[in-house]
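Here's a set of exercises to work through with the model open beside you. Try each task before you read its solution.

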Amino acid sequence: MSASFRFSTSVSPLQSHEFPRMPSLLKPRIHLPVLKPMTIALSRVVLPESLKVAASELPKTVVEPAAFREAEGLEVDSVTEAELKENGFRSTRRTKIVCTIGPRTCDFEAIEALAVGGMNVARVNMCHGTQEWHRDVIRRVRRLNEEKGFAVAVMMDTEGSEIHMDDLNGAESAKAEDGEIWTFTVRAFDPSSRPERTITVNYDGFAEDVKVGDELLVDGGMVRFVVSEKIGPDVICHCTDPGLLLPRANLTFWRNGSLVQERNAMLPTISSKDWLDIDFGIAEGVDFIAVSFVRTAEVIKTLKSYIRARSPKSQISVIAKIESIESLNNLEEIIQASDGAMVARGDLGAQIPLEQVPSVQQEVVQLCRELNKPVIVASQLLESMIEYPIPTRAEVADVSEAVRQQADALMLSSESAMGQYPDKALAVLRSVSLRIERWRREEKHYDTTDLPVVSSSLPASISEEICNTASKMANKLEADAIFVYTKTGHISSLLSRNRPSCPIFAFTPMTSIRRCLNLQWGLIPFRLDFSDDMESNLNRTFSLLRAKGMIKSGDLIIVVSDILQSVQAIKVP
Ligand SMILES: Nc1ncnc2c1ncn2[C@@H]1O[C@H](COP(=O)(O)OP(=O)(O)OP(=O)(O)O)[C@@H](O)[C@H]1O
Ligand SMILES: CC(=O)C(=O)O
Ligand SMILES: [K+]
Ligand SMILES: [Mg+2]
C-alpha cells in the first residue's frame with residue numbers, strides 16, 4: 001500500500017515537498033484593455049394568475065434586506081485563518097457544507113459549534129416550525145457572523161406543494177405495524193378528537209384521486225400502505241411495510257408500479273404559504289431561497305423577478321431543487337434560469353426508481369458545472385449518524401463519490417437538524433472531503449476538460465477566458481493560490497468552475513457577496529474594500545495577509561480581478 005493511501009484519523013498538514021514552487025517567476029503579465037462594466041436591465045414582474053391572490057396578501061412596501069456591518073480592513077473568520085496558518089493553502093477544504101438547522105442545533109452555541117466545525121451555509125426548512133422560530137435562527141447566524149467574522153450564508157428552503165401528512169399534533173412519531181388498518185383523510189382534528197390511527201392529509205383532492213389498490217408511500221417507502229376502501233373523505237388502508245410515521249412526512253401514491261402525478265401537477269410550485277415565507281426570507285435578508293419541487297424554468301424566473309422588484313438591492317440567489325420527474329424533463333432550462341441547484345435525493349428517490357438516483361446526481365452535477373451554477377448534493381449522506389456516532393462505510397463511500405464528482409456542496413439534513421451527533425456528522429463530511437480532495441490532487445485528477453462557453457457578450461467572454469487561463473496557469477505553475485478581486489462575485493464563480501488545484505482567495509467589498517461565495521467550490525471569501533488601483537490592492541492584501549500569517553514571502557499567487565481584465569503571476573514579496 002502506498003503512503004498516500006494510509007489511513008489517518010486527522011487530516012495531517014501536507015508535506016512541503018508535495019508542492020514544488022516555481023523558482024524565480026516574477027510578474028509575467030497578460031494585459032487586456034479595461035472594459036466597461038455591464039449593466040443589467042430589470043425586467044417587469046408578471047405574476048401568473050395562480051399567484052396573484054397570494055401576492056396581493058403581502059405587504060406593499062419594498063422590503064430591504066437588513067443592513068449588515070461592513071467592517072474595516074480584511075474580514076475573515078478565525079477558523080479559516082487558523083486553517084490557513086496551520087495547514088497551508090493546499091490542504092484547505094474545497095467542498096462546501098450546508099447544515100440544516102433544527103431543534104437540535106438552533107441555539108447560539110450549537111450554531112457557533114457548527115460554524116467552527118466548517119458549516120458554510122445554514123439551511124432553514126420552512127416545512128417545519130414557525131416563522132418566529134426561523135427568524136430567531138437566522139438572526140443568531142447573523143449575530144455570529146457579525147461578532148466572529150464568519151460568512152455563514154443562510155438558505156431558506158420553501159415548503160412547496162407536496163402532499164404530506166399532518167404534524168401528528170406535536171407527537172414525535174407514530175408507529176404503524178404490519179397489517180394494521182389506518183385511515184388517511186382530508187378531515188382535520190384537534191388533539192382531543194383525533195380518532196386512533198388516523199392521519200390528516202394536506203391536500204383536498206386526496207380522497208377523490210386515490211383508487212382502491214393504490215400504494216401509499218410515506219417518505220418514499222419508509223412505511224407503505226395499500227388502499228383497501230374509500231368512504232367519503234376517508235381512505236382506509238392497511239399497512240404492508242411497517243415503520244415510523246414522522247410529523248409532516250411526505251406522501252406519494254403509486255398505481256401499477258408508477259407514481260400518480262397528475263394531481264401533483266395541478267398544485268402550484270410556490271403555494272400561498274410559500275409566498276409569505278419568501279417575503280419573510282427577503283425581509284430577513286436570507287442569501288439563498290431554495291425552491292422545492294420545481295417543475296419549470298418559469299417559476300424560477302417569476303421568483304427572481306419578484307425578488308428584484310421587492311428588494312432591488314438584495315443579492316438573494318435562487319436555488320432550484322431537483323426532486324421531481326418534471327424537473328428532470330426540463331433540467332437544462334431550469335438550471336439555466338436558476339442561480340444554483342440542489343440534488344434533493346430524498347424526494348427524488350420517491351419519484352424515480354432508487355437505482356436511477358446516482359446517475360441523475362452525476363448528470364445534474366456535471367450540467368451545473370457546464371452552466372456555471374453551484375450545485376448541492378443533499379439527503380441521507382450520513383443518515384445513520386442521526387442515531388450513531390460513526391457513519392456506515394457505505395455512507396462514507398457515498399460522500400466520497402459526491403466529493404469526487406466535485407459538487408460545490410454537501411448537505412446535512414436530519415443529521416444536523418435533529419440527530420444525536422450533529423458536530424460529528426459535520427466532522428465526517430469535513431474529513432472525507434479533505435481526504436478525497438487530497439487524493440484527487442495527488443493523483444493529478446484535477447480537471448483539464450474544456451468547459452463549454454457560458455458567456456453571451458464579449459466582455460463576459462473575455463472574463464471567462466481569463467478565468468480559464470488563470471486556472472490552467474495555476475495548475476501548471478503549481479501556484480499556491482489564486483487571488484480574485486470581485487465586486488459582483490461573477491468572475492470568482494468562473495474560476496471555481498474550473499476546479500483548479502489550488503484554493504481561490506476571493507476578495508469582495510460586499511458582505512452579502514462574501515456569504516454567497518461561501519457556497520462555491522474552492523472559494524475562500526474575504527471581505528475587503530479595494531480601489532481601482534490593482535497594484536495598491538495587491539500590496540495592501542499581501543501585507544494584511546502576511547501580518548496575519550496567512551501567506552508568506554515566496555508564495556506564488558495568480559491574480560485576477562474584475563477591475564482590470566488581466567492575469568498576473570506574482571511571488572509574494
Ligand atoms: N425547524 C425544524 N423544526 C422541527 N424539526 C425540524 C426542523 N427542521 C428540520 N426538522 C426535522 O429534521 C428532519 C430533516 O429535516 P429536512 O428539512 O432536511 O428534511 P425534510 O423535511 O425531509 O426535507 P424536505 O421537506 O425539504 O424534503 C425533518 O424531517 C424534521 O423532523
Ligand atoms: C432536501 C430535500 O428536499 C429532499 O431531499 O427531498
Ligand atoms: K422543504
Ligand atoms: Mg424534498
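## Exercise 1: A lysine–aspartate pair

K304 is partly exposed, with a relative accessible area of 21%. Keep in mind that you're looking at a predicted model.

**Task.** Find out which parts of the chain the salt bridge between K304 and D339 ties together.

**Solution.**
- Start with the contact: the side chains of K304 and D339 form a salt bridge, at 2.6 Å from N to O.
- Now place both ends. K304 belongs to helix α7 (residues 297-310), while D339 sits in the loop between α9 (331-337) and β17, so the bridge ties together parts 35 residues apart in sequence.
- Finish with exposure. D339 is partly exposed at 22% relative accessible area. Buried would mean under 20%, so K304 at 21% misses that label.

## Exercise 2: The strand after that loop

**Task.** Work out whether the residues of strand β17 (residues 340-344) are buried or exposed, and which strands pair with β17.

**Solution.**
- Count first: 5 of the 5 residues of β17 are buried, so the strand is largely enclosed by the rest of the structure.
- Next, split the strand by face. In a regular strand the side chains alternate between the two faces of the sheet. For β17, G340, M342 and A344 lie on one side, with A341 and V343 on the other, and all are buried, so both faces are covered.
- Then look at the partners. Strand β16 (residues 317-322) pairs with β17 in the parallel sense over 4 bridges, and A320 stands opposite A341.
- Strand β18 (residues 375-378) also runs parallel to β17 and is joined to it by 4 bridges. Here M342 has I376 as its bridge partner.

## Exercise 3: The potassium site

**Task.** Which protein atoms are the donors of the potassium ion (ligand 3), and where in the chain do N125 and D157 come from?

**Solution.**
- List the donors: N125 gives OD1, D157 gives OD and T158 gives O, at 2.8 to 3.0 Å from the potassium ion (ligand 3).
- Read off the spacing, which is N-x31-D-T in sequence.
- Put that on the fold. N125 is in strand β4 (residues 121-125) and D157 in strand β5 (residues 153-157), so to speak a link between distant parts of the chain, 32 residues apart.
- Check burial. N125 is buried at 14% relative accessible area, and D157 is buried at 0%.
- Add the neighbouring metal: the magnesium ion (ligand 4) and the potassium ion (ligand 3) are 5.2 Å apart.

## Exercise 4: Tracing a sheet

**Task.** Give the strand order of the open sheet that holds β7 and β8, and say which strands are its edges.

**Solution.**
- Walk across the sheet: its 7 strands come in the order β8-β7-β11-β10-β9-β13-β14, with mixed pairing.
- The edges are β8 (198-200) and β14 (258-259), as each pairs on one side only.
- Zoom in on one end. β7 (residues 181-185) and β8 run parallel and are joined by 3 bridges, with T185 opposite T200.

## Exercise 5: More charged pairs

**Task.** Compare where the salt bridges K175–E177 and D532–K487 sit, then find a network of salt bridges.

**Solution.**
- Take K175 and E177: their side chains meet at 3.8 Å, N to O. K175 is partly exposed at 43%, and E177 is partly exposed at 38%.
- Go on to D532 and K487, whose closest N and O atoms are 3.5 Å apart. D532 is in the loop between β22 (523-528) and α18 (534-547), and K487 is in the loop between β20 (481-485) and α16 (490-496), so this pair ties together parts 45 residues apart in sequence.
- Their exposure: D532 is exposed at 60%, and K487 is partly exposed at 40%.
- For the network, look at E75, D77, R514, R527 and D529, which salt bridges link together.
- The count of salt bridges in the model is 36.

## Exercise 6: The whole protein

**Task.** How many helices and strands does the protein have, and what percentage of its residues is buried?

**Solution.**
- The protein has 18 helices and 24 strands.
- Of its 573 residues, 57% are buried.
- Among contacts between residues at least 6 apart in sequence, 72% join residues at least 24 apart.
- The accessible surface is about 24400 Å², and carbon and sulfur atoms account for 54% of that.

Terms used. Residues numbered from 1 in each chain as written. Chains lettered and ligands numbered in written order. Predicted model: local features only at pLDDT ≥ 70, side-chain atom pairs only at ≥ 80, totals over all residues. Heavy atoms only, no water. Pairing = 2+ DSSP bridges. Helix = DSSP H or I, 4+ residues; strand = E, 2+ residues; numbered from the N terminus. Donors = N, O, S within 2.8 Å, 3.2 Å for Na, K, Ca; no water. Buried < 20%, exposed > 50% of the residue type's maximum accessible area, 1.4 Å probe, protein only. Contact = heavy atoms within 4.5 Å. Areas by Shrake-Rupley, 256 points an atom, 1.4 Å probe, with all protein chains shown as cover. Salt bridge = Lys/Arg side-chain N within 4 Å of Asp/Glu carboxyl O.
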